[in-house]
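Visitor: Please take a close look at the aromatic pairs in this model. I would like the geometry of the rings and how far their residues are open to solvent.

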Amino acid sequence: MPVFSYQQRNNIVLVSIIVLGCFLLYALSTIFSAILGAIVLYVMFRPLYLHLTEKRRWNATLSALLIIFISLIAIVIPFLLLSIMVIEKIISFKTSSLPIDSWVDKIDMVTAEYLSQPRFAEDTLKKLGTYAADLFPSILGSAANIILTLLVLYFLLYFMLAQLREFEAGLLRYAPFSEQHALKFATALKNSTYSNVLGQGIISLVQGFLLANGFWIVGLPDAIFWGVIATFISFLPVVGAPTLSIPAGLYLMLIGRTWSGVFIMAYGLLFIGNLDHVLRMIINKRIANTHPVISIIGVFIGLPLFGILGLVFGPVLLSYFILLTEIYETNRMAAERLERIRATPDDEQF
């Protein structure tokens with residue numbers, strides 16, 4: 001006679017699955033960014049893959065490899081080029097070529113007199129240096145981690161695309177909610193991903209181009225470099241690309257070009273800053289409406305976890321969490337309603 005009943009054996013198996021699953025999740029925590037990146041790229045490139053394989057009748061393997069190549073060119077390589085540009089700029093930068101110390105002293109004198117902050121500029125430079133070092137880690141120091149993440153990301157993405165129908169059927173089968181809610185979650189997942197990644201990417205490119213154009217107009221050096229930096233800083237809510245016009249304007253004022261400094265600050269804060277809101281409204285209407293609070297909180301969540309990639313992954317991850325919460329709430333209300341119907345006698349239902 002067995003020691004455990006059928007129900008007890010099922011409970012033991014379920015507990016074992018949960019414990020083992022938690023252990024596996026902990027073991028996979030080092031490549032979580034690769035898993036999340038594969039999901040994001042899968043959602044973004046799924047329509048293109050279906051177009052190539054089902055409408056144009058391309059080979060599944062060839063289509064998946066083409067999408068991997070496109071994503072490398074459009075997404076991964078720009079991040080690597082940005083890191084290389086920043087590192088080269090830091091290496092080539094010489095403080096002796098610019099009167100940094102005298103500028104810092106002048107700013108500290110003004111802030112000490114009017115704001116009671118005698119070391120404002122010095123402390124700010126130190127904080128910015130630390131922040132930049134954390135945001136743009138050395139390529140050499142993290143090369144192995146970057147390569148491993150990319151290998152895992154594209155390994156997962158390849159099989160997610162090449163076996164798309166089987167992959168999605170498995171998701172529907174093991175999803176912890178009904179097929180109707182699973183399809184609803186898939187639609188919301190696509191919208192939130194497009195809004196946070198594609199929509200914000202378009203806004204960042206526009207802001208970076210406009211800021212570089214403004215720097216070129218007033219004759220600031222390295223306008224293209226600062227435009228690239230502005231493109232990536234645009235992912236930061238509240239801060240954003242327009243704030244780069246403030247130090248640029250102060251620099252122009254310190255070298256005696258007061259009106260140029262006023263122009264570049266007004267151009268960045270008023271024109272580019274307001275254009276951000278207009279573009280966001282247009283994109284949200286065409287793609288999906290992502291609340292600014294999600295972007296702000298998501299960035300603070302993503303940066304400590306994923307570094308510079310957290311500018312994208314943080315808001316996306318928070319959006320996914322909110323979607324799951326909404327589905328859970330819908331399922332709970334439906335279950336309670338069904339339970340009330342079952343508990344009500346048939347003659348009282350009519």
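Guide: Helices here are DSSP runs of H or I with at least four residues, and strands are runs of E with at least two, numbered from the N terminus. Read along the sequence, this gives the pattern α-α-α-α-α-α-α-α-α-α-α-α-α-α, that is, 14 helices and zero strands. The model is a predicted one.

Some totals set the background. The protein has 350 residues, and 35% of them are buried. Its accessible surface comes to about 22,300 Å², with 70% of that belonging to carbon and sulfur atoms. Among contacts with a separation of 6 or more, residues 24 or more positions apart account for 69%.

Now to the aromatic rings. A pair of aromatic rings is described by the distance of the centres and the angle of the planes. The structure holds six aromatic pairs. One of them joins Phe-155 and Phe-159, with 5.0 Å from centre to centre and 65 degrees between the planes. This pair counts as edge-to-face because the angle is over 60 degrees. Both residues belong to helix H6, which covers residues 143-162. They are four residues apart, about one turn of the helix.

The accessibility of these two residues can be put side by side. Phe-155 has a relative accessible area of 52% and is exposed, whereas Phe-159, at 36%, counts as partly exposed. The label for Phe-155 follows because exposed means over 50%.

A further pair is made by Phe-225 and Trp-226, again edge-to-face, with 5.0 Å between the centres and 75 degrees between the planes. Phe-225 has 12% relative accessibility, so it falls under the 20% limit and counts as buried. Trp-226, with a relative accessible area of 33%, is partly exposed.

Returning to helix H6, Phe-155 and Phe-159 also belong to a cluster. Tyr-158 joins these two residues, and the three form one aromatic cluster.

A residue from another helix can be set beside these aromatics. Ser-204 is found in helix H8, which covers residues 179-217. Its relative accessible area is 0%, so Ser-204 is buried. Leaving aside residues up to four places away in sequence, Ser-204 touches Thr-231, Ser-234 and Phe-235.

To sum up the two pairs described, Phe-155 with Phe-159 and Phe-225 with Trp-226 are each edge-to-face. Phe-155 is exposed and Phe-159 partly exposed, while Phe-225 is buried and Trp-226 partly exposed.

Notes: Residues numbered from 1 in each chain as written. Predicted model: local features only at pLDDT ≥ 70, side-chain atom pairs only at ≥ 80, totals over all residues. Heavy atoms only, no water. Phe/Tyr/Trp six-rings, centres within 6.5 Å; stacked < 30°, edge-to-face > 60°. Buried < 20%, exposed > 50% of the residue type's maximum accessible area, 1.4 Å probe, protein only. Contact = heavy atoms within 4.5 Å. Areas by Shrake-Rupley, 256 points an atom, 1.4 Å probe, with all protein chains shown as cover.
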